[in-house]
Amino acid sequence: MRPRIVWTLIALLAAILTTTVLGSVTQTQFNLAALQSLGTPIPLSIRAATTWQDLTGFAPSLAGITAGGFVAAFVVSGLLARGLPSLRMPLHLVAGATALITAFVVMNHLFGITAVAATRSLAGLLAMGLCGAVGGWVFGRVSARARSGASSPTA
């Protein structure tokens, strides 16, 4: 496999993993904050245990949502970056954020319910979008190795 393709795939997987972990932790904290606002005490031990449960239970679903959105978004941002190379990193950041926000908005409309509770509020939706932007940054940083002609990590 050509080094450029390998680095691009590694970049995509790194972006998905980063966004999935950040997104899972973010949605957990938004949900726990909602419970706290109702007067439910959430000690640190419960917060940590719930976060871990979501990383093992919710994160795989979020990874699928993220992967679907990122593949489409990074193809578009990559094509745009060819004509606007100085904007490559901002394009990937915006693509990552847009991918997640779009995925959640579309899911909410398709299912008629909010599939990810944290995205019920604008703050939660934007926080998840920020997680996607971080994933876009990771994609941009790691995929830059493909652009620089770095040798394949498997070679």
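Setting aside its neighbours within four places in sequence, Gly129 is in contact with just two named partners, Ala97 and Ile101. This glycine sits in helix H5, and in this predicted model its relative accessibility comes out at 3%, so Gly129 counts as buried, the cut-off being under 20%. Gly96 is also worth a look here: its C-alpha atom and that of Gly129 are separated by 7.4 Å, although the two glycines are 33 residues apart along the chain.

Stepping back to the whole chain, the secondary structure amounts to five helices and zero strands, and read from the N terminus the order is simply α-α-α-α-α. The C-alpha atoms fit in a box of roughly 55 × 30 × 25 Å along the principal axes. Of the 155 residues in the chain, 39% are buried. As for how the chain meets itself, take the contacts between residues at least 6 apart in sequence: 76% of these join residues at least 24 apart.

Helix H3 covers residues 59–83, which makes 25 residues. From first C-alpha to last, H3 reaches 35 Å, close to the 36 Å expected at 1.5 Å a residue. H3 does have a kink, though, of about 25 degrees and centred on Phe70. Phe70 is also one of the buried residues of H3, a list that runs through Ala59, Leu62, Ile65, Thr66, Gly69, Phe70, Ala73, Phe74, Ser77 and Ala81. Gly64, also found in H3, is another story: its relative accessibility is 46%, so Gly64 counts as partly exposed, a class that lies between 20% and 50%. The C-alpha atoms of Gly64 and Arg82 are 18 residues apart along the chain and separated by 27 Å.

Two of the buried H3 residues, Ala59 and Leu62, turn up again as partners of Ser24. Ser24 belongs to helix H1 and is buried because its relative accessible area is 0%, against a cut-off of under 20%. Not counting residues up to four places away in sequence, Ser24 touches Thr19, Asp54, Leu55 and Phe58 as well as Ala59 and Leu62.

Then there is the largest pocket, which holds about 560 Å³ of space. Its lining takes in 21 residues, and those closest to the centre are Arg4, Thr8, Phe74, Gly78 and Phe139. Four helices each supply at least two lining residues: H1 (3–37), H3, H4 (88–111) and H5 (122–147). H3 gives the most, with eight residues. Sorted by class, the lining has twelve nonpolar, four polar and five charged residues.

Some of those central pocket residues also appear around His92. This histidine lies in helix H4, and its relative accessibility is 2%, so His92 counts as buried under the 20% cut-off. Apart from neighbours within four places in sequence, His92 is in contact with Phe74, Ser77, Gly78, Gly136, Phe139 and Gly140. Among these partners, Phe74, Gly78 and Phe139 are listed with the residues closest to the centre of the largest pocket, while Phe74 and Ser77 are on the list of buried residues of H3.

Technical notes. Residues are numbered from 1 along each chain as its sequence is written. This is a predicted model: local features need pLDDT of at least 70, side-chain atom pairs count only at pLDDT 80 or more; totals for chains, interfaces and linings use all residues. Side-chain values use heavy atoms; hydrogens and water are left out. The expected span of a helix is 1.5 Å times one less than its number of residues. The bend at a residue is the angle between axes fitted to the seven residues ending there and the seven starting there. Buried means under 20% relative accessible area, exposed over 50%, partly exposed in between (1.4 Å probe, protein chains only). On a 1 Å grid over the protein atoms alone, a cavity is a set of points where a 1.4 Å probe fits but cannot get out, and a pocket is an open set with protein on both sides within 12 Å along at least five of seven lines; lining residues have an atom within 4 Å of a point. Grid points are joined across faces, edges and corners, and a volume is the space filled by probe spheres set on the points. Ala, Val, Leu, Ile, Met, Phe, Trp, Tyr, Cys and Pro count as nonpolar, Asp, Glu, Lys and Arg as charged, and the others, Gly among them, as polar. Contact means heavy atoms within 4.5 Å.
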